[in-house]
Amino acid sequence: MKKKPIYYDTETTGVKPLQDKIVEIAAYDPVENKSFTSLVNPDMLIPPEASRIHNITDEMVKDAPSFLEVGRQFIEFCSGDVVLIAHNNDGFDKPLIEAEFSRNSIDIPSWDYLDSLKWARKYRPDLPRHSLQHLREVYGIEANNAHRALDDVVILHKVFSYLIGDLTMEDVLSLYNASKSELIRHMPFGKHKGSLLQDVPKNYVRWLNENGALDKADNEQLKKSFEKLGVLEEVKT
């Protein structure tokens, strides 16, 4: 059976999986050309700064189902040999949705996951930015209602189709997983961006490590690369 992509997106009360909740989730299945979307009652107030981003208010979700109900519906929608694709999946959507499943004692299916932001950064290094909206503009895709879940999912499907061309989903996943095992040679961000990792000052690496920057999902490969060079052992002693 072929891998089936499911593009999905979440809107939340914030960015911290252990304390923030999902207020909207949406998904699109391009194989069967069907979509799923639902508001979610987070059983907490939505911070004003979050509402300003996605325009979802407490009034809108007060009668919405809980994640316990919506999560089960989402699993049913994503049945089969599925690859869940989201933009900044590793750094945002995946940790948030896994936290919700855990809180509600819902067993998570053995889905594969793919972060389209990481894919874009690797295969379109010529671009100055890799946000979903910037990629939409690069590929000449019509504007949408940014930061509402279903609208972003539809745009993501179109953008990712351009990014992968005629590659099969099996090929995409194989390349993606292979790239996750590659070591990073140059510092990808910060004031030492572009420097060889071995040339990055040890006090800066120590600061990154002590402040938890290297423990973020987005920096998994950076941490492994510093470990391979022996830099982390040096800064911890």
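A nonpolar core, as the term is used on this tour, is a set of buried Ala, Val, Leu, Ile, Met, Phe, Trp, Tyr and Cys residues joined through side-chain atoms within 4.5 Å. Keep in mind throughout that the structure on screen is a predicted model.

**The cores**

Begin by selecting Ile85, Leu114, Val159, Phe160 and Leu163, which, of the 25 residues in the largest nonpolar core, touch the most other members. To see where this core draws its residues from, colour β2 (22–29), β4 (82–86), α5, α6 (132–138), α7 (149–164) and α8, the elements that each give two or more residues to it. Helix α7 gives the most to this core, with 8 residues. In soluble globular proteins, nonpolar side chains tend to be buried together.

Now centre the view on Val159 and show what surrounds it; leaving out residues up to four places away in sequence, Val159 touches Leu132, Leu135, Arg136, Tyr139 and Ile141. Apart from the largest core lies another, of 20 residues, and Ile22, Cys78, Ile97 and Phe101 are among them.

Phe101 leads on to Ile75, because these two residues are in contact within 4.5 Å. Select Ile75 in helix α3 (residues 67–77), and then display Ile106, Asp107, Pro109 and Trp111, which are also among its contacts beyond four places in sequence. If you draw a distance between the C-alpha atoms of Ile75 and Pro109, the viewer should give 7.5 Å, although the two residues are 34 apart along the chain.

**The largest pocket**

Next, turn to the largest pocket, whose volume is about 1,000 Å³. Its lining consists of 26 residues, and those to select for a view of its centre are Lys118, Arg121, Lys122, Ile184 and Pro188, which lie nearest to that point. Helices α5 (116–123), α8 (169–180) and α10 (220–229) are the elements that give two or more residues to the lining, and α5 gives the most, with 5 residues. Colouring the lining by residue class should show 12 nonpolar, 6 polar and 8 charged residues.

**From Lys118 to Asp90**

Stay with Lys118 and follow its side chain to that of Asp90, since a polar contact of 2.8 Å joins the two. Asp90 is found in helix α4 (residues 89–103). Is Asp90 buried or exposed? Its relative accessibility is 14%, and Asp90 therefore counts as buried. Beyond its neighbours within four places in sequence, Asp90 is in contact with Lys118 and also with Pro95, Asp115, Tyr176, Ala217 and Asp218.

**From Arg121 to His130**

Return to Arg121, one of the residues nearest the centre of the pocket, and select His130, which touches Arg121. His130 sits in the loop between α5 and α6, where a relative accessibility of 13% means that it counts as buried. A polar atom of the His130 side chain lies 2.7 Å from the backbone oxygen of Arg124. Excluding residues up to four places away in sequence, the residues that His130 touches also include His87, Leu117, Ala120, Pro125 and Leu135.

**Helix α10**

In helix α10, select Phe226, which is buried, with a relative accessible area of 0%. Around Phe226, display Met187, Leu197, Val205, Leu214, Val231 and Leu232, which it touches when residues up to four places away in sequence are not counted. From C-alpha to C-alpha, Phe226 and Leu197 are 7.2 Å apart in space and 29 residues apart in sequence.

Leu214 also serves as one end of a much wider span: its C-alpha atom is separated by 39 Å from that of Glu32, with these positions 182 residues apart along the chain. Glu32 lies in the loop between β2 and β3 (34–39) and is partly exposed, with a relative accessible area of 46%.

**Two loop residues with positive phi**

Finish in the loops, with two backbone conformations worth displaying. Asn55, in the loop between α1 (48–54) and α2 (58–61), has a phi near 60°, a positive value in a residue other than glycine; Asn55 is partly exposed, with a relative accessible area of 48%. Ser105, in the loop between α4 and β5 (112–115), is likewise not a glycine and has a positive phi of about 55°. With a relative accessibility of 68%, Ser105 counts as exposed.

Note on methods
Residues numbered from 1 in each chain as written. Predicted model: local features only at pLDDT ≥ 70, side-chain atom pairs only at ≥ 80, totals over all residues. Heavy atoms only, no water. Helix = DSSP H or I, 4+ residues; strand = E, 2+ residues; numbered from the N terminus. Buried < 20%, exposed > 50% of the residue type's maximum accessible area, 1.4 Å probe, protein only. Polar contact = N/O pair within 3.5 Å; in protein donor to acceptor, adjacent residues only side chain to side chain. 1 Å grid on protein atoms, 1.4 Å probe; cavity = no way out; pocket = protein on both sides within 12 Å on 5 of 7 lines; lining within 4 Å. Points joined across faces, edges and corners; volume = space filled by probe spheres on them. Nonpolar A, V, L, I, M, F, W, Y, C, P; charged D, E, K, R; others polar.
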